[in-house]
Structures are given as C-alpha cells and as structure tokens.
There are 2 protein chains.
Amino acid sequence: MTIEDVAAAAGVSRQTVSRALNNMAEIKPETRQRVLATIERLDYRPNAFARGMKTRKSNTIGLIVSDISNPFYPAVARGLFDAAETVGWNVVVYNTDLSRRREESALNELIARGADGVVGFFYALDDATLARYAGDLPMVVSDRPVDHAALTSVTTDFGAGIRAAVEHLVASGHQQIGMLDSTVGVAADERREAFVEQVPVALPAADLAGHVIQGPPTIPGGTAALHELLNARPEITAVVAFNDLMAIGAIHAARERGLAVPSELAVVGFDDLSIAPYVFPPLTTVHTDKYAHGRRLADVLHQLTAERTPDRYGERPAPSVSGSRVVLPATLIVRESA
Amino acid sequence: MTIEDVAAAAGVSRQTVSRALNNMAEIKPETRQRVLATIERLDYRPNAFARGMKTRKSNTIGLIVSDISNPFYPAVARGLFDAAETVGWNVVVYNTDLSRRREESALNELIARGADGVVGFFYALDDATLARYAGDLPMVVSDRPVDHAALTSVTTDFGAGIRAAVEHLVASGHQQIGMLDSTVGVAADERREAFVEQVPVALPAADLAGHVIQGPPTIPGGTAALHELLNARPEITAVVAFNDLMAIGAIHAARERGLAVPSELAVVGFDDLSIAPYVFPPLTTVHTDKYAHGRRLADVLHQLTAERTPDRYGERPAPSVSGSRVVLPATLIVRESA
DNA sequence: ATGAAAGCGCTAACAA
DNA sequence: TTGTTAGCGCTTTCAT
C-alpha cells in the first residue's frame, strides 16, 4: 500500500496525493477531498522511512533518564509526552543507570535515527562532550548546571529550595541539622553547596563535614545514610534529604531507631512526589512542578529545532533560546514531618 | 556523511562497507578491519531511514500505557526497557489516558513508522480491533483477558491475588469486607469477579452490591471510594483495593475518619509498589514482579517477531507463542495494614 | 492546479 | 571476495 496505489485509486498522480497529505497550498479543495477520502478508504499510511529519507525529519525525540522507575522521572516525562504530542513528536526513552557508555549510546542511536532532538538528564557526560553532540542534535539538558555556551538547559532552583528547607528547620529551633546527600549527579553539588552555605549562617559552630552523609538517592539509600549520620552525630535533630526517596528512607530509619518524627527527628525531602502527602508523617518537602518541567523541556526543545529550520520570509525572528538557561522555582511545602 | 564517503575513503565499494557494517560473511577479515577503522575515523553512522527503507525493520517497538506517571507502569517499563535493549530495540512510549482515539492513533503511528512490534495495556479497544492491528504489527497485550485466537497476552493472576487477600481477611476474623474497585480497565472485572466469588463463601449473608464501590484507580479515588463505602456500610471492617494507590487513598480516608488501621479498618492493596512498605502502616498487598513482567512482555514479543521472519534452513521450529496466554503469579504479602 | 523526473542512503540480487 | 545494478516510497524541483 503505497502513495502510488492511492494515486491510481483516486485517479491522480503521486504528487497530488502528497499535496493532500501535507496540506500544501497548490491543490484544488475538491481534489484534496477526493484524495483524502481514498486514503481513508484504503487505510493508507505514509511510510515514515521514505518520508524521513526525503525530509530528514523523524518527528521523534529522545528522553534520556537514569532510571524510569525512579518516580521523579515519570512525573516529568508525563509533561514532556503531553507537550510532545501536541507538536507531533513521538518520544523514545532510554535508561542509562548513570553509565557514560549508555548515555553516549543513546545519543548515537538518536543521531543515527535522525531524531529531531533530545532531552536528557545526563550524569556521566561532561559539558564538552554534550556540546559536541548538541552540534549534531538539538539538545536540552535538564537539571544539571551547564557551563558551556552551546548548551541549552532547564534546571530547578535547588539552592532556593534547600535554603528554604534549612531556614524552616532553624526557625523551628533546630540547632544540629544534617544532610542526606546523593552520591550521584552533578545536581547534587548544588543542593549540598546551598546546604553548607546556608547552615553556617544559622549554626556557626557546626562541623559540617560530619553533617553531610552521602548515599544512593533511593529509599534504602536514605535509610542507610540516616543510620550512618546519627551513629556519628547523635546530637542531630533534623535532616534535609537530597530527595523524597531518601527522606522516606530516613523516616523509615527513624522508626527503626524508635525516634518519633518530627518531635525527635525532623525530616524534609525534595521533589514533592505524588506520594509525599501520604507517607507517615506526611512529608515536608520542597515542591517542584514536575509536569510543568516536562512541558517546558519539550517547549524549549521545540524552539531550538524551529531555529534550525529557518522560518519563511518576513517573519520576525524570535529571540534565540539556544544556550539559554531556564530555572524553575522550588518552594517549601510544610506538612508534618518537619 | 554516507556509506559512499566511507567506501571512497576506504577504497572499496559501498557494498563492501555494507558487508562490514552488517557482519556479513563474504568479506575478507582484513578488509573488514580496514573499513571498520575508516568508519570509526569518519564517525560515520548508517542512516536509519535508508536502512529501514530496505529492510523494513526499524529496531523500534512501542509501549502503550494509560499514564506513565502511574507508578505501576514505570516498574513494568523498566523491565521491558532492559530486555528490549538486549535485542537492540528502542522503545517509544505512548500515553492514552484510556482514550480509544489515542490507543488507535498510537497503533497507527507505530505501523506507519515500521515498528517491529508493540506491547500494550489497552483499555478502550476491543479484542476484534486489537486483532486487526495485530495482523499488521506483532502485538503483545498485557493485563487484560483476551478472547481471540489471534491475540497474544501476558497477564497477572488477579483472581489468585484477590482470593488470597480475602482469605487472609476472613482468617483474621473479618465478617464484613468491602472492595474498592476501579471504574476503568477490563482487568478490573477479573478482580471484582474473584472478590464476589470468594466473599460469599465466607460471608453468605453479605449484600455484595453495596460492598463494592468503584472509583478512579488513584489515591484520591481510593479516598473518595472508602468514604462512600463506609457511609453506606459502616459495619465494614476490611477492604481490598483494586490497587495500591486506592489502598493508600483508603488509609488516608481512614485517618480522616479517625479509624485506626488495621485495628478498626484493615486494608489490602494490589501491586506491591515500591513505596508500599513505606506508607504507614506498611501496606499488606498482593505482590507481582513488575520488572519480570516487563521482561516477559519483551521476550514474548521478540519470539513473536522471530516467528514472522522465518529462520534459516534446517533450524528446528520453536513452538509458536502466537495466540498464547502467559499468566504471571500474584501472591499476598502480609505487612501491617491488614 | 497538476504531472514528470530525480534522488535521498541503503541493501538484496546478481555479475565478475 | 568484491563490485555493479536496481529500487525501497516518498518529497522536491521543474515543467506543463
């Protein structure tokens, strides 16, 4: 079933079918109707390979994450999917498990397939490498600070979130505050930095080194990290976690130790996963709009691709988003765990 | 950068490059090495459009779910992704929100793109329609009972899970048991049927109609459903939920009503999401291995596609999986909520 | 407003 | 073992 069959059935030439298919101008409305009806009747679907071969576009983008089963990503992904759908993009997802090899192979795969762009949460690749790929493939980097003019990014205001969390804890009377930090991710740096910058202001005497424990950004990671932290510093009465998963793990650890939350140990998370209000006690955490984040990623990528295929004559050139940094807000939500 | 450039640079013909690229037999090892080196040096990547045009294969499969931000799906998806990666498949994900139109458009999109197959959690399309699509595109249907010889499926033993849950509740002394059922999904039928079949055995006098309340299979859906259920039947002391999300919502509703879980209301979920042990009280639920489920989906699809591209001469034909039904186990895990 | 011709980059079939 | 030919289905010139 090719365009030729449709043309024959409708009594026109291939090109006329193509014109109807692509909403081109130079076609008589009634001819278009007839062709469209034939297409419908024959259940014809244009072959994407042949089309891509000509147009060099695939209407496909990639989404690169470390692990889709980490609930943070699906929340973002959903926004991305929805925005992608409105512009006709299909999205293919890659899990990297933080492996450099897999981050690169996802990118290579995407290029070979003629993807229109990629949105990535990269952890292993450095800015220079990313920038090189971005030359071949429109790219939006998410949630990692980039320091390269060729890289476009959408990030979260991790610093503001952590600062609000620490402020809240200090205002609640906590003197000894610890952090459950992630071992992975460039983004972790920003959260930790905000923590160590902020905490001394309130607690000049704190020995920060021992107050920051790293672990995998997972529930068990949070559990282990809290135990380690409290074993070393039993005087700590509050912790801010890298993310909600670690915070939930910390609450679990507190229960194991017979510590009441928040009265004996206050816990604040980061992300505000959909489950956060339903753990016990309901999690005080830094909220970000993950759905909006996903939409924004797709929007920025879309602008990026639009810049590469110059508009028709006479349209005013939109300000370029290439190399831009979008920073999304992060605000503390106080529930009961702190 | 085309195969022609590589051929020129390596001093061979296109075809020889193609042979090196595809590990074909008729090529001298040293020639292959030379070509491969040239490919490396030139950073050449074969164009997937041109390749697909010839081979009619895309190394791409689709995953159709209702909503990737429902944590059940990412858990399955991860297994699917991992298995897909081992056979060189990329996977493009579609969210349908239970819409018939979107289920169909995902399928059409996949066919137009020459996808090698699809794995789907379908809710709106009927068996006949699905079977029609399955004729054009190797398809594995997940978690829905199918009654059509042309449809291959991988499902969960919902009945066994629900039966175990009810038995546990009855053994714990509960007389009045309700169900928080989902409004959506064919699969719901199976769980509800198992419930109504099982409960009468233990509770002959129960008026089941009022004991089954439907709602969206989400946390708020569970909260609303439990309120509705208890307002109508305050004598109920235990509920089994369609899934963990509804169960978590039910626990939340119990808290709003000042009901202690499990002493005043026992709650059993279904799925055993990764969060289940960490809500409070830890959720008693029916466990399924979602990662294995995802892998299995990919495996079955892979066998299906292998059947369509006949093996070389003389290989023993494997038993066909087309039209088969794989049923995955579901076992109760008793924690503290029931 | 429509049709004819060309060619995108690759691989399958055939020739050497 | 290697090279040559043909053509996959579509869109983009260009001609009518």
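This passage describes the aromatic pairs, the charges placed over rings and the DNA contacts of a predicted model.

A search of the whole structure finds nine aromatic pairs over all chains. In chain A, F72(A) and F121(A) form one such pair, with 6.1 Å from centre to centre and 90° between the planes, an arrangement that is edge-to-face. F72(A) belongs to helix α5 (residues 72–86) of chain A, whereas F121(A) is found in the loop between β3 (117–120) and α7 (127–136) of chain A, so that the pair ties together parts lying 49 residues apart in sequence. Both F72(A) and F121(A) are buried.

In chain B, the ring centres of F72(B) and F121(B) are 6.1 Å apart and the planes stand at 90°; because planes over 60 degrees apart count as edge-to-face, the pair is assigned to that class. F72(B) is located in helix α5 (residues 72–86) of chain B and F121(B) in the loop between β3 (117–120) and α7 (127–136) of chain B, and therefore this pair ties together parts that are 49 residues apart in sequence. Both F72(B) and F121(B) are buried. Returning to chain A, ring pairs link F72(A) and F121(A) with Y73(A) into a cluster.

Aromatic rings are also involved in arrangements with charged side chains. In chain A, the ring of F242(A) has the charged end of R191(A) sitting over it, at 3.9 Å from the ring centre. In chain B, the charged end of R191(B) sits over the ring of F270(B), and the distance from the centre of that ring is 4.6 Å.

Turning to the DNA, DNA strand C has 26 residues around it, of which Q15(A), T16(A), R19(A), I3(B) and Y44(B) come nearest. Of the atoms of DNA strand C that come within 4 Å of the protein, 49% are accounted for by sugar and phosphate. Contacts to the bases include that of Q15(A), where a polar side-chain atom lies 2.5 Å from a base nitrogen of DNA strand C, and that of K54(A), where an N or O atom in the side chain is 3.3 Å from a base nitrogen of the strand. For R56(A), a polar side-chain atom lies 3.5 Å from a sugar or linking oxygen of DNA strand C. Two or more residues each are given to the surface near this strand by α2 (14–21) and α4 (48–55) of chain A together with α2 (14–21) and α4 (48–55) of chain B. By class, this surface has eight nonpolar, nine polar and nine charged residues.

DNA strand D is surrounded by 27 residues, the closest being I3(A), Y44(A), T16(B), R19(B) and T31(B). Sugar or phosphate supplies 53% of the atoms of DNA strand D within 4 Å of the protein, and the rest belong to bases. Among the contacts to phosphate oxygens of this strand, a polar backbone atom of I3(A) lies at 2.4 Å, an N or O atom in the side chain of Y44(A) at 2.4 Å, and an N or O atom in the side chain of R51(A) at 2.8 Å. The elements that give two or more residues to the surface near DNA strand D are α2 and α4 of chain A together with α2 and α4 of chain B, and α4(A) gives the most, with five residues. By class, the surface near DNA strand D comprises eight nonpolar, ten polar and nine charged residues.

Key:
Residues numbered from 1 in each chain as written. Chains lettered and ligands numbered in written order. Predicted model: local features only at pLDDT ≥ 70, side-chain atom pairs only at ≥ 80, totals over all residues. Heavy atoms only, no water. Phe/Tyr/Trp six-rings, centres within 6.5 Å; stacked < 30°, edge-to-face > 60°. Helix = DSSP H or I, 4+ residues; strand = E, 2+ residues; numbered from the N terminus. Buried < 20%, exposed > 50% of the residue type's maximum accessible area, 1.4 Å probe, protein only. Lys NZ or Arg CZ within 6 Å of the ring centre and 35° of its normal. Near = heavy atom within 4 Å. Polar contact = N/O pair within 3.5 Å; in protein donor to acceptor, adjacent residues only side chain to side chain. Nonpolar A, V, L, I, M, F, W, Y, C, P; charged D, E, K, R; others polar.
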